[in-house]
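Me: Please give me a close and connected account of one part of the structure shown below, together with its surroundings. I should like to know which residues are involved and how they are placed.

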Amino acid sequence: MQAAGTRRRGRSHAGDSTGDVSPAEAIASEVERRLAQSRQAYLDALPIAAAIVSIAGSETLVECANEHFRFIAEWDERIGDRRASHVPILRSGPIGARLADFIESDDPAYQFETADGRSIAGRHFTVRFSRLKHAKGQPRRLLVSLIDRTAQVETEKSLRSEMLRDSLTGLPNRFAFNERVDAVLADPSFSEGSFAVLAIDMTRFSRVNECMGAMAGDELLITFARRLVSALRPTDMLARTSGDEFGVLMRLERGLSDALRAAERIKTVLTLPFRLSELEIRVDCAIGCAVLSPGVNSADEVLRNAQFALKRAKRLGTTQVYEPIQAAAVRRRFSIETELRCAIEADALTLAYQPLIDLDSGRVAGFEALARWSHDGDAIPPAEFIPVAEESGLIVPLGRWALNTAMRTLSEWDRAAGAVLPFNMSVNLSPIQISRDDIAATVVGALASAGISGDRLTLELTESAIIQDPDRVAKALNALKKSQVRIAMDDFGTGFTSLAMLQKLPIDLLKIDQTFVGGMMAADDSTAIVRAILSLARALGMATTAEGIDSEDLAEMLTELGCTYGQGYHFSAPLPPEEALVFGLSRNA
Ligand code: C2E
Ligand code: MG
Ligand code: MG
């Protein structure tokens, strides 16, 4: 194709014979014609839509274009106007605006992605403007090229929608859910308390899956999802966030009560039984709720909060709303676990020794070794770190360490005194140690390496250990008895050990829990309970220790009642090893 100006000159050239055109002009015109031809040939050879646009003064003209361009631009210079302002694709929309800017600029090239909104389907292009070499006396030219990316964009879109969908239920999946929650959080108009997330867990799903097979499990999930949809408003977003867990993102019109009402509706639609093949089964769910607040940073965090409430809902049987305090407690537990692990490895724990007094003679009969941990200058109480150690399994190394350290201390005391001291050492034993450690072997090892005879060691075990697995405990205790070790039942009276169990197990000593001992001064039933425990112990041939004696009166009362040993602040608080030894030696002197 030829440019308009070229054609006009071409005609003049054809009329050269009239003699009104100089030879120089004729040559220039011929050169220009050939150049135009080669530009056209170049465009025609391109596999993409392209046009050369020339700018002369305020006029922008499409000088030549290839067939792809004409098709996309829905324009043909052979019938239409060449002025860019008459070529729809170049006149308006994102391409038109950017072309005008580019012409004004000095940039050598500019490329961008755009969707052409004019056609219904909306096509996607990569558009590039590049300036062509500018010859003196010639108009400025630029190449406009368009790569049609519609097919690619469509494929990406459908791939993306596949990626965001749960293939079983057809619901959005966790990615999609998180994307929406993140969008809500990022929305500048978002305000505290305007959205909530529900985490819904189908109870007993794994049982159904196990008993009836994966096919039935799938069917159940699909039906369950349908029921959930029926309980929600069209504006709520339901997603399958994991195996048998679903998430709902909902706008709260009237505050938290909207979310709780939705939870109630969900529970109601689940009351009807589910039909699975031939069977009818009942399915329930647990629901945890978290309200979106500007304090949370990501969808992941929101979902975690809702799952946290869900965990509690499973335990308590009712819908629970997440409260940040619980999460703070969990975080603290977690950081305690990490730091405790380091402390054990770095041997940074210590033991304090609390004297055990023979109430009849007033002499020190022994000590209870109690773990102590200071972290960054703060003393963390055993009531806080022992449960974390038990939950994380760290109690096994901690327990071994306590046993070895206490035995070593006792042998150091003997060495310092130059004699085998008449002190017994009590070490606490966690039920977890019984279930996870070969406790008999650990004890034998600790005694042997410190050179302490078994009859100087008492292991204190709480009642809960016995209730959890009585057979295992019986086996472990019987094995321990072979080393002559004494067994004490700690905090007695707070658990539920049956009398039969007490009789069956090789227990030497009952430690009466502080709550009863402390209660003896108040006029409640504690004294009667303590009396009963003492006579029970006597009948079973066991010794007794009263814990938590913090006054002279209490010490006297318990001595009169015939309690064997006493322990408490009245005698002494737990002491560092050197002070404990001094206390023991001077009191017994
Ligand atoms: P426990 O075995 O019943 O130990 C007695 C607790 O009562 C100790 O608390 C002791 O300091 C405290 N106590 C002593 N006299 C008095 C008193 O007159 N009044 C009051 N109110 N309390 C008194 P502590 O040291 O905080 O230990 C708490 C619990 O942590 C222990 O209770 C024991 O169950 C556990 N524990 C401590 N160290 C270890 C350990 O090495 N291994 C295991 N498994 N548990 C341990
Ligand atoms: Mg104890
Ligand atoms: Mg106790």
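Reply:

**From arginine 39 to the magnesium ions**

The side chain of arginine 39 makes a polar contact with the side chain of glutamate 63, at 3.0 Å. This is a predicted model, and the distances given here are computed from it. Arginine 39 belongs to helix α2, which runs over residues 23-45. Its relative accessible area is 13%, below the limit of 20%, and therefore arginine 39 counts as buried. When residues up to four places away in sequence are left out, arginine 39 touches Glu32, Ile52, Glu63, Cys64, Gln138 and Arg141. Glutamate 63 is thus both a polar partner of arginine 39 and one of the residues in this list.

The metal site can be taken next, one ion at a time. The magnesium ion (ligand 2) has as its protein donors Glu368 (OE), Asn428 (OD1), Glu460 (OE) and Asp490 (OD), which lie 2.0 to 2.2 Å from the ion. Along the sequence, these donor residues follow the spacing E-x59-N-x31-E-x29-D. Glutamate 368 sits in strand β14 (residues 364-375) and aspartate 490 in strand β18 (residues 486-492), so this pair ties together parts of the sequence that are 122 residues apart. Both are buried: glutamate 368 has a relative accessible area of 4%, and aspartate 490 one of 7%.

The magnesium ion (ligand 3) is held by Asp490 (OD), Asp491 (OD) and two contacts from Glu547 (OE), at 2.1 to 2.6 Å. For this ion the donor spacing reads D-D-x55-E. Aspartate 491 has a relative accessible area of 24%, which lies between the limits of 20% and 50%, so aspartate 491 is partly exposed. Aspartate 490 bridges the magnesium ion (ligand 2) and the magnesium ion (ligand 3), which are 4.0 Å apart.

Residues of the metal site also meet ligand 1. Ligand 1 is surrounded by 22 residues, and the closest are Glu368, Asn428, Asp490, Gln514 and Tyr569. Glutamate 368 places a polar side-chain atom 2.9 Å from an oxygen atom of ligand 1. Glutamate 547 likewise has a polar side-chain atom 2.9 Å from an oxygen atom of ligand 1. Alanine 371 contributes through its backbone, with an N or O atom 3.0 Å from a nitrogen atom of ligand 1. On its own, ligand 1 has 800 Å² of accessible area, and the protein covers 81% of it.

The nonpolar interior completes the account. In soluble globular proteins, nonpolar side chains tend to be buried together. Here the largest nonpolar core has 83 residues, and Trp413, Met425 and Leu558 touch the most other members. Helix α14 (residues 395-417) supplies the largest share of this core, 10 residues. Beyond its neighbours within four places in sequence, leucine 558 is in contact with Leu359, Val517, Met520, Val530, Ala546, Ile549 and Cys563. A separate core of 32 residues lies apart from the largest one, and its members include Leu220, Ala263, Cys285 and Ile287.

Conventions
Residues numbered from 1 in each chain as written. Chains lettered and ligands numbered in written order. Predicted model: local features only at pLDDT ≥ 70, side-chain atom pairs only at ≥ 80, totals over all residues. Heavy atoms only, no water. Helix = DSSP H or I, 4+ residues; strand = E, 2+ residues; numbered from the N terminus. Buried < 20%, exposed > 50% of the residue type's maximum accessible area, 1.4 Å probe, protein only. Polar contact = N/O pair within 3.5 Å; in protein donor to acceptor, adjacent residues only side chain to side chain. Contact = heavy atoms within 4.5 Å. Core = buried A, V, L, I, M, F, W, Y, C linked by side-chain atoms within 4.5 Å. Donors = N, O, S within 2.8 Å, 3.2 Å for Na, K, Ca; no water. Near = heavy atom within 4 Å. Areas by Shrake-Rupley, 256 points an atom, 1.4 Å probe, with all protein chains shown as cover.
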